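Me: I'm new to this one, and a whole protein is a lot to take in. Pick a single part, look at it closely, and then work outward from there.

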Amino acid sequence: MESADLSHLPRIDRLLSHEALRGLKAQLGPLFLAHLCRLCVDEARVSVRAGKSCPDLDTCAARVLSMGQALLNRRSQPVINASGVLLHTNLGRAPLSAKAASALLASAGRYVPLEMAIESGKRGGRGEFAHRALSVLSGAESALVVNNNAAAVLLVLSALCAGKRVIVSRGELVEIGGGFRVPDVLMRSGAQLVEVGTTNKTRLSDYEKAISEGGAAAILRVHQANFRMTGFVERPNLNRLAELAHSKGMLLIKDLGGGAFLDLAPYGLSGEPTVQASIKAGCDILCFSTDKVFGGPQGGAIVGREGLVKACQQDALARALRVSRLVLSALEGTLLSYLTGDLDEIPLMRAVRMPLEKTKERALGWKNFLESKGISVELIELNGAMGGGALAEEPLQSYGIALPLGQFGNANALLSGLRTGDPAVLGRIVNDRVVLDARSVLGDEDEGLLRAILKIGL
Ligand SMILES: *Cc1c(COP(=O)(O)O)cnc(C)c1O
């Protein structure tokens, strides 16, 4: 009986040549389409065996089409970020500046003097411009860029501390997200973790005690980026920690996380120390992401004393963790904006520093336009966030609009309708309503946003 049912399963070759899949076949090619058809028939087989009726050819074709579309949607295509979270980890963190994107575009399809001093034609180091620019901006002697900040921390610990003791406060043995756990990275580097203090309080004397008991190569300070401890908490400031480390011939290494070069406190975001301040306070080596608050492409910067950075460069892991030429182009473009002080060229900096009034003006513009098209929306005050494991719990005030549910009936359905719209829009739900935040939408995306809303038909 079972085999009779299975014999009605659509045949792969008939599915492959189905009229409804012609467009998908042209886009994906026959091999990929055949893979999807097989998956679909396998699914059908399982459901027939479970006693369900056998889907017909057209139903299977429709299913293949939606599987294909869902996969195509997973490519790196633009999404309008109206979620109010500026560094949305699931949206690739910081978008590139126009300068960075055009530097990338100009060089990506060409040969570049990646490791050549073009004047002499001799071999040169990768990333020399970026490294020099990062040193100048941070006030550190030297710099090195690697694949991401996790790689930077791993490399630093491996090059400078393998086989040696590294002291870390128990309040800083954190998980950043995406599997980055400080104790695990430390172990993988070959360094030996020495925990001091307690979760909420670590005093200078705790570090002193650990040093007197067994010495250490370094003190590691980790910025508590994605959570905040309040109340009965204490840890020594960076200057005191640097003095202690140096008086014992040890290094002070800091994992800063975000990599802010600008004090963000005037924009309502306190608690994110700048790179320059950490160097000034006496860190020997500092690591940070270049795609968080810094606002560039994915990368990890190591800045600090020359001999130490050189040791990182010469470590066996450096080659495995090195930055790609594509990223370097984008980073160079981003750094130029920092060097000339044109911070508004960097989308993230522009969004953070956008005055509240400007977000209101923008949201009001959206409201007026939509109302002229017969869609009534409400202007509302919002609290966005920096996100990306930075500046935990510090709200970023903004304005936005709340959409009517229209034919969607509930907020989740509307949110999903917007995500799969054209262009795709990511909103968020506040009090059971879908809101679009004006701060995180990029400067040239208003038209696309409004077009997407009209298109889904509220
Ligand atoms: C984000 C973060 C990391 C990981 O950086 P990636 O660039 O994502 O690899 C490490 N440490 C801290 C403190 C962070 O905030």
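Reply: Thr 359 belongs to helix α17, which covers residues 356-372 (helices are DSSP runs of H or I with at least four residues, strands are E runs with at least two, and both are numbered from the N terminus). The model is predicted, so local features need pLDDT of at least 70 and side-chain atom pairs 80 or more, while totals for chains, interfaces and linings use all residues. Residues are numbered from 1 along each chain as its sequence is written, and side-chain values use heavy atoms, with hydrogens and water left out.

So is Thr 359 buried or exposed? Thr 359 is buried, because its relative accessible area is 0% (buried means under 20%, exposed over 50% and partly exposed in between, with a 1.4 Å probe and protein chains only). As for what it touches, skip the residues up to four places away in sequence and you find Met 354, Ser 398, Tyr 399, Ala 438 and Arg 439 (a contact is heavy atoms within 4.5 Å). Take Ser 398 from that list: Thr 359 and Ser 398 are 39 residues apart along the chain, yet 6.0 Å separates their C-alpha atoms.

Now hop over to helix α15, residues 325-340, where you'll meet another threonine, Thr 334. Thr 334 counts as buried because its relative accessibility is 0%. Leaving out residues up to four places away in sequence, Thr 334 touches Ala 100, Phe 294, Gly 295, Gly 296, Pro 297 and Ile 346. Notice the unbroken run in there, from Phe 294 through Gly 295 and Gly 296 to Pro 297.

Stay in α15 a moment longer and look at Leu 328. With a relative accessible area of 3%, Leu 328 is buried. Apart from neighbours within four places in sequence, Leu 328 is in contact with Leu 114, Arg 126, Gly 127, Ala 130 and Val 323. For a sense of scale, try the distance from Leu 328 to Ser 53: the two are 275 residues apart along the chain, and their C-alpha atoms are 55 Å apart.

For a contrast, go to the loop between α5 (57-72) and β1, where Ser 76 is found. Ser 76 counts as exposed because its relative accessible area is 83%. From Ser 76, count 15 residues along the sequence to Leu 91, and the C-alpha to C-alpha distance is 9.3 Å.

Time to zoom out. The protein has 458 residues, and 48% of them count as buried; Thr 359, Thr 334 and Leu 328 are among them. The secondary structure adds up to 19 helices and 18 strands, and the C-alpha atoms fill a box of roughly 80 × 55 × 55 Å along the principal axes. Take the contacts between residues at least 6 apart in sequence, and 74% of these join residues at least 24 apart. The pair you started with, Thr 359 and Ser 398, is in contact with their positions 39 residues apart in the count. Last, the outside: the accessible surface comes to about 22100 Å², with 51% of it belonging to carbon and sulfur atoms (areas come from the Shrake-Rupley method with a 1.4 Å probe, and for residues only the protein chains shown count as cover).
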